[in-house]
Amino acid sequence: MATIDRDILTIVEPTIEVDMVFVEDEESQDAKKESSPENQNQTMSQQSYEGGVYPMVQIGSNKILQEDLDSMELNLEGLIPTATFTVSDTTNKFTDVEYPLDGTVVSLYLRPRPIDEYRPIRIDFDILKITSSPAQPSSEDSEAVAPTYTFTCIMKIPLMFADVIQGFAAGNSFDHLLECAEGLGLGFASNEDSTDDSMPRIIAQSSRDEFINQTTMSAYKDDESFFDSYVDLQYYLCFVNVNKQFSEEDEMETVKGVSQINTELQVGSEPNAEDGFQASLRLSNGQDVSGSDMAIASYNLVNNSGEIWMSNGYARQIKYLNLNENNNGGQTGGLESFLITPLNTPGSEENRIPLRGRADEDYWEDNNKIKYLGKQASEDFENVHSNYMYAIANNLGNKDEISKMILEVDLEVVNWSLYKYQRIPVIIYNEGEVNSKTLENRDSQLGDDIQPAAAKDEAGDEVKYDGPNQQVKNEFLSGYYVISDITYKYNKEDTKITQSLKLLRREWPIPAKNKDN
């Protein structure tokens with residue numbers, strides 16, 4: 001199981017109420033009594049389809065038919081979840097009488113599997129923008145095309161964007177974000193129980209999303225921590241010490257997994273489909289998880305390293321004027337200066353390397369940036385905590401640092417046990433005809449001369465890497481990652497809901513010959 005230290009635990013529950021929507025009920029006892037016993041060829045129930053096979057979407061009072069929902073994308077990137085829906089208006093409801101006006105809500109329902117293990121996703125969205133494509137009449141060469149509407153939306157959190165004046169008595173960022181969340185009707189969750197940054201805070205004619213971002217950016221616990229905040233799909237404001245999520249410990253969480261749903265199965269022919277199966281949580285493109293919610297359909301490695309170090313340097317020297325020292329004749333006139341170097345994961349020094357230039361060069365040590373942050377009025381003035389300026393640079397710098405290389409993966413089936421900033425093992429295999437000597441050289445360079453047990457056959461004999469379908473573990477890409485973003489997608493052509501992830505890894509395997517450099 002995951003360690004409690006890294007778990008993002010609920011502190012308070014949300015109180016926001018969402019609109020009522022209509023979902024087919026074909027699985028309750030009353031619904032089963034009303035079903036026709038003569039019909040022996042029923043396919044999957046409508047309730048399993050709605051939200052499970054395709055998203056249930058309602059715009060105002062207009063429930064979107066499955067055949068009219070062209071696509072959906074639900075994204076957790078940023079502070080507040082956003083979504084995009086594309087709908088074909090085959091019934092002309094939007095065109096004639098139900099065009100959405102200001103205040104119209106887009107309601108979304110996604111049904112997890114197993115339904116008794118995970119909470120359904122039920123979100124109301126405010127519409128940011130609507131774009132459309134006009135209808136196309138039929139012709140000799142083509143059929144008529146209905147008008148399409150694309151809705152760009154953001155999670156509806158009443159009063160999140162209203163400018164207000166609100167004061168918070170002296171306290172830490174953890175308590176102030178908790179108080180702000182409760183005021184908005186949001187729940188609150190964290191992998192911390194306190195921070196060391198007591199100060200009075202005020203929302204001075206600005207919005208609460210600005211306050212949340214600013215408070216998180218200046219949050220401080222100790223020099224080995226950095227923070228981020230986001231609202232999850234269940235209406236919890238999550239305040240996360242991100243550095244806690246990076247670890248060299250070898251641990252796996254036990255969850256209920258599910259296999260890909262077959263929409264052609266008859267009712268009752270899949271008795272255990274909703275029960276799931278107990279499994280160690282990992283993501284892989286290996287044959288052992290094929291067809292399940294742990295199976296990776298595709299992956300792509302993105303390298304942003306150059307762009308980030310050219311913008312931030314490999315370290316950043318921070319300077320600011322400490323008014324407390326300035327007003328009391330400090331030796332430097334109150335000018336404070338310190339160097340912030342991105343954090344490393346304890347225990348990674350021997351076998352992994354942070355992304356800071358080539359292993360055999362040290363020019364990166366002088367490739368730094370200098371930033372003057374202005375004045376910090378502390379102690380005598382009691383309006384910011386003593387590590388305020390340090391925290392801003394430390395939080396922003398470390399969040400950028402962990403984004404230098406991102407592994408983007410698409411899963412075959414939605415995995416409902418995944419959440420943002422979760423630490424998870426990933427096992428990547430290369431498939432195809434591979435030369436044995438090449439593999440030996442590669443593993444030796446990575447300091448891993450022995451293949452895992454999967455590289456031996458049932459008799460215990462060494463597997464020969466000469467088959468066209470041979471799977472060989474990719475030691476460079478395999479390892480523990482932290483989830484930074486989750487996207488749920490639906491496309492009418494694919495007829496299923498899919499899931500994409502962005503995974504972060506701070507240190508990477510290095511060739512054995514460079515370990516002492």
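# Notebook: loops, cores and a small sheet

I started at Tyr421, which sits in the loop between strand S22 (405–411) and strand S23 (423–427). Strands here are DSSP runs of E with at least two residues, helices are runs of H or I with at least four, and both are numbered from the N terminus. A note to myself on the source: this is a predicted model, in which local features need pLDDT of at least 70, side-chain atom pairs count only at pLDDT 80 or more, and totals for chains, interfaces and linings use all residues. Residues are numbered from 1 along each chain as its sequence is written, and side-chain values use heavy atoms, with hydrogens and water left out.

**Entry 1: unusual backbone spots**

I looked up the phi of Tyr421 and found it positive, about 65 degrees, although the residue is not a glycine. Most residues other than glycine have a negative phi, and most peptide bonds are trans. Is Tyr421 buried or exposed? Tyr421 is buried, with a relative accessible area of 5%; buried means under 20%, exposed over 50%, and partly exposed in between, using a 1.4 Å probe and protein chains only.

I then turned to Tyr235, in the loop between strand S12 (227–231) and strand S13 (236–241). Tyr235 also has a positive phi, about 70 degrees, without being a glycine. Its relative accessibility is 5%, so I noted Tyr235 as buried.

Where is the cis peptide bond I wanted to see? I found it running from Arg113 to Pro114, with omega near -5 degrees. Pro114 belongs to the loop between strand S6 (105–110) and strand S7 (121–133).

**Entry 2: the cores**

Next I checked the nonpolar cores, meaning sets of buried Ala, Val, Leu, Ile, Met, Phe, Trp, Tyr and Cys residues joined through side-chain atoms within 4.5 Å. The largest core has 80 residues, and the members that touch the most others are Leu74, Phe85 and Tyr488. Helix H4 (residues 173–184) gives the largest share of this core, 6 residues. In soluble globular proteins, nonpolar side chains tend to be buried together.

I followed Leu74 outward, leaving aside its neighbours within four places in sequence. Its contacts (heavy atoms within 4.5 Å) include Thr82, Leu108, Ile121, Phe125, Leu233 and Tyr488. I also found a second, separate core of 15 residues, with Ile8, Ala189, Cys238 and Val482 among them.

**Entry 3: cysteines and a serine**

How many disulfides does the structure hold? I counted 0 disulfides, taking a disulfide as a pair of cysteine sulfur atoms within 2.5 Å. I looked at two cysteines anyway: Cys180 is buried at 2% relative accessibility, and Cys238 is buried at 2% as well.

Ser484 caught my eye in strand S26 (residues 479–491). At 9% relative accessibility, I put Ser484 down as buried. Beyond its neighbours within four places in sequence, Ser484 is in contact with Lys420, Lys502 and Leu504.

**Entry 4: a sheet and its helix**

I traced an open sheet of 3 strands in the order S19-S18-S21, with mixed pairing; strands pair if DSSP finds at least two bridges between them. S19 and S21 are the edge strands, each pairing on one side only. From one strand to the next, the twist averages 20 degrees.

How do S18 (residues 316–322) and S21 (residues 369–376) run, parallel or antiparallel? They run parallel and are joined by 6 bridges, and I saw Arg316 standing opposite Lys369 in S21. S18 and strand S19 (residues 335–340) run antiparallel, also with 6 bridges. Gln317 has Leu339 in S19 as its bridge partner, and Lys319 has Ser337.

Helix H8 (residues 388–401) packs on this sheet and touches S18, S19 and S21. The direction of H8 makes about 145 degrees with that of S21; axes are lines fitted to C-alpha atoms, for helices over the stretch in contact, and angles run from 0 to 180 degrees between N-to-C directions.

I also checked helix H5 (residues 208–217), which packs against H8 at an angle of about 100 degrees, with the axes 8 Å apart. H5 and H8 are therefore roughly perpendicular (65 to 115 degrees; under 35 is roughly parallel, over 145 roughly antiparallel, and the rest oblique). Gln214, Thr216 and Met217 make the contact from H5, while H8 supplies Tyr388, Ala391, Ile392, Asn395 and Leu396.

**Entry 5: the whole protein**

Last, I stepped back and found 9 helices and 28 strands in the protein. Of its 517 residues, 46% are buried. Among contacts between residues at least 6 apart in sequence, 75% join residues at least 24 apart.
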